[in-house]
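Open the model in your viewer and keep the selection panel at hand. This tour moves from stop to stop, with a selection at each one.

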Amino acid sequence: ERMYEKAEKVIAEYAEGRFDTHLWKGGAGAFCRLSGQVEQLAFSLQAKGEAERKAKKFLQDMISDISHQLKTPLAALDMYMEILSGEAENPETVRIFSRKSLASLERMEQLIQALLKMARLDTGNIVFAKRRCFVAEIAAEAAADFLERGKREGKKILLDADLEETVFCDFEWTK
C-alpha cells in the first residue's frame, strides 16, 4: 500500500512538471516494470518541457531583437522627414532623403515579415512542404528580391553554387 501511495505522489509531481523524486528502478515483478515505464515517460516529458522552454526563450529573444531593430529605421525615417520638410525646395536633398526613406521602409518591412513568420511558426499555423531542392535555385530566388534594390544602388549580386547540390527543405520558407 505504501508503494502505491509513493507512486501516486511521484506521478502527481511528474504531472506538475517536478521531476526531483523518482520511482523504483530495477527489481522484478509487474509493479517494478510499470515503475520503469513511468520513469521513461517522465524523462520524455522532462525533455519535451525543456525543449519547449528553449524554443519559447529563443522566440522571445528574436522578437525582442527585431523590435529593437525596428527602432533604428523608425528613428531614421523621423529624421529624414524632418530634413525633407525643411528642404522641400532643394530637389537633390529631397531625392537623397527620399531614397534613404525607402531603404528604411524596406528594412522595416523585412523585420515585420520576420516577426509575422515567427508568430505563425509559434502558433503552429505553418506546415512545411519539404522536398529535395537545388541550393542554387533557392539562392537565385532569394537574391531576386534584392536585384532591383541592388541595381538602384549600383550593386551586383553574384551567386556561385554547385548546380547539383541539393537540400531537403520547404522551398518557400528556405528562400
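Start by selecting Ala 42, which is found in helix α2. Helices here are DSSP runs of H or I with at least four residues, and strands are E runs of at least two, numbered from the N terminus. Before going on, note that this is a predicted model: local features need pLDDT of at least 70, side-chain atom pairs count only at pLDDT 80 or more, and totals for chains, interfaces and linings use all residues. Residues are numbered from 1 along each chain as its sequence is written, and side-chain values use heavy atoms, with hydrogens and water left out.

Is Ala 42 buried or exposed? Ala 42 is buried, with a relative accessible area of 4%. The cut-offs are under 20% for buried, over 50% for exposed and in between for partly exposed, with a 1.4 Å probe and protein chains only. Show the contacts of Ala 42, leaving aside neighbours within four places in sequence: Tyr 14 and Phe 19 appear. Contact means heavy atoms within 4.5 Å. Now draw a distance from Ala 42 to Val 135: C-alpha to C-alpha, they are 41 Å apart in space and 93 residues apart in sequence.

**The largest nonpolar core**

Add Ala 7, Val 10, Tyr 14, Phe 19, Leu 23, Phe 31 and Val 38 to Ala 42, and you have the largest nonpolar core, eight residues in all. Such a core is a set of buried Ala, Val, Leu, Ile, Met, Phe, Trp, Tyr and Cys residues joined through side-chain atoms within 4.5 Å. α1 (2–15) and α2 (30–86) each give two or more residues to this core. In soluble globular proteins, nonpolar side chains tend to be buried together.

Zoom in on Val 10. Not counting residues up to four places away in sequence, Val 10 touches Thr 21, His 22 and Leu 23. Another core, of seven residues, lies apart from the largest one; Leu 59, Leu 70, Met 108 and Met 118 are among them.

Next, pick Ser 35, also in helix α2. Ser 35 is buried at 4% relative accessible area. Beyond four places in sequence, Ser 35 touches Leu 23 and Trp 24.

**α2 against α3**

Display α2 and α3 together. Their axes are 9 Å apart and pack at an angle of about 160°. Axes are lines fitted to C-alpha atoms, for helices over the stretch in contact, and angles run from 0 to 180 degrees between N-to-C directions. α2 and α3 are therefore roughly antiparallel to each other, a label for angles over 145 degrees. By class, their contact has 22 nonpolar, five polar and three charged residues. Ala, Val, Leu, Ile, Met, Phe, Trp, Tyr, Cys and Pro count as nonpolar, Asp, Glu, Lys and Arg as charged, and the others, Gly among them, as polar.

Two residues of α3 are worth a click. Ser 101 lies in this helix and counts as buried at 5% relative accessibility. Outside its neighbours within four places in sequence, Ser 101 is in contact with Leu 77, Tyr 80, Met 81 and Leu 84. Arg 107, found in helix α3, is partly exposed at 35%. Not counting residues up to four places away, Arg 107 touches Gln 69 and Pro 73.

**α3 against α4**

Finally, select α3 (residues 91–123) and α4 (residues 135–152): their axes come within 13 Å and cross at roughly 160°. Ala 103, Glu 106 and Gln 110 of α3 meet Phe 146, Arg 149 and Arg 152 of α4.

Definitions and conventions
Angles under 35 degrees count as roughly parallel, over 145 as roughly antiparallel, 65 to 115 as roughly perpendicular and the rest as oblique.
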